[in-house]
Amino acid sequence: MGIVLSGTGSDGTRGIQTIAEMGGIVMVQTPETAEFDGMPLSAIATSLADLILPAKELATTAYQLITSPQQREELQQNAASKSQLQRIIAILERYENIDFTNYKPTTVKRRINRRCMIAGYPDLDSYIQRLESSTEERGHLRNDMLITVTHFFRDPSAWRYLKTQALPKIIERASAGNKTIRVWVTACATGEEAYSVAILLRELLGDNADGIEVKIFATDIDPLALAKASSGVFPEATLRNLSHEQIERFFTPKDGNFEVTKALREMIIFANHNLTKDAGFTQIDLASCRNVLIYMQPELQQQ
């Protein structure tokens, strides 16, 4: 559990990203009740806060979550039965039009139990009843299951390979051919992966940037994540994997955060797309599936 309280700057933002990625709980003090709202605002800007409450309520909630033996045992043991799991997946498919049947069951169970605990339900049966009746809670669980945690230039070895091996060959083909490079970033979440590809291509193209057209299709099924990606505004702490030169060239300061430049933003088309149902993009030079395949079972990966 991570709790971000009053403070200046973006302290805590990197930590809550890791906590959220590992299935932990993130709570943030409401900015209007904080003496200094910089840290709470930075944390909220990541869209990873499970609860945003005044400090007194955060303390009460944290105590309840930690001292509830039923909820804690449920969370730790991934206790959802097969029938309960099927009921919850069916509810999400019916109301949210997303089928989690072929996602890894351990991940699905962990996310369901986590949400049950945060929502304050003593057991999964009562939580399922809540899901049946509450549009809001179905939305919370849906967003939780999608796991919209990503980073700029995540996993440096993969980016080194792209920079030295894959992208130079793609650029060479485009230079000798139709002068177009088409990239598809699936499950783009809040956009860091797509912007990382755009930055790398800009750097590699150099003086040829105007001669070759780059189109990056960045897709996801989470409208909230897509809205954040489209805005192109990120807290300073999320830029930790970027060099000082990259930040200066591709970002401009904006209200305590950083906004991608217009030239970079215009390289990317963000769109809602269900990878398991909708038709794929064609004539693609490079496809990135790093944010989604790791959560799928082998059959769905192969599809």
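Biologist: In this predicted model, which residue of E9 stands opposite Phe-217?

Modeller: Phe-217 has a partner in E9. Strand E9 covers residues 268-272. The residue opposite Phe-217 there is Ile-269.

Biologist: Which residue stands opposite Phe-217 in the pairing of E4 with E5?

Modeller: Strand E4 (residues 180-185) pairs with E5 in the parallel sense, over 6 bridges. Phe-217 belongs to E5. Opposite Phe-217 stands Trp-184.

Biologist: How many bridges join E5 to E9?

Modeller: E5 and E9 run parallel. One of the bridge partners in E9 is Asn-272, which is matched with Asp-220. The number of bridges joining E5 to E9 is 5.

Biologist: In what order do the strands of the open sheet lie?

Modeller: The sheet has 4 strands, and their pairing is parallel. E9 and strand E10 (286-288) are the edge strands, as each pairs on one side only. From one strand to the next the twist averages 20°. The order is E9-E5-E4-E10.

Biologist: Why is strand E5 described as largely enclosed by the rest of the structure?

Modeller: Strand E5 spans residues 213-220. A residue counts as buried when its relative accessible area is under 20%. E5 is largely enclosed because, of its 8 residues, the number buried is 6.

Biologist: How many disulfides does the count come to?

Modeller: A disulfide needs two cysteine sulfur atoms within 2.5 Å. For Cys-188, the nearest cysteine sulfur belongs to Cys-289 and is 12 Å away, so Cys-188 is in no disulfide. The count comes to 0 disulfides.

Biologist: Is Cys-188 buried or exposed?

Modeller: The cut-off for buried is under 20% relative accessible area. Cys-188 has 0% relative accessibility, so Cys-188 falls under that cut-off. Cys-116, at 2%, also counts as buried. The class of Cys-188 is buried.

Biologist: Which elements give two or more residues to the lining of the largest pocket?

Modeller: The largest pocket has a volume of about 510 Å³. Its lining takes two or more residues from each of one strand and several helices. These elements are strand E3 (51-53), helix H6 (105-119), helix H8 (135-146) and helix H11 (223-231).

Biologist: How many residues of the lining of the largest pocket are charged?

Modeller: The lining of the largest pocket is made of 20 residues, and those nearest the centre are Ser-47, Leu-48, Ala-49, Asp-50 and Asn-143. The lining includes 10 nonpolar and 4 polar residues. The number of charged residues is 6.

Terms used
Residues numbered from 1 in each chain as written. Predicted model: local features only at pLDDT ≥ 70, side-chain atom pairs only at ≥ 80, totals over all residues. Heavy atoms only, no water. 1 Å grid on protein atoms, 1.4 Å probe; cavity = no way out; pocket = protein on both sides within 12 Å on 5 of 7 lines; lining within 4 Å. Points joined across faces, edges and corners; volume = space filled by probe spheres on them. Nonpolar A, V, L, I, M, F, W, Y, C, P; charged D, E, K, R; others polar. Buried < 20%, exposed > 50% of the residue type's maximum accessible area, 1.4 Å probe, protein only. Pairing = 2+ DSSP bridges. Axes fitted to C-alpha atoms, helices over the stretch in contact; angles between N-to-C directions.
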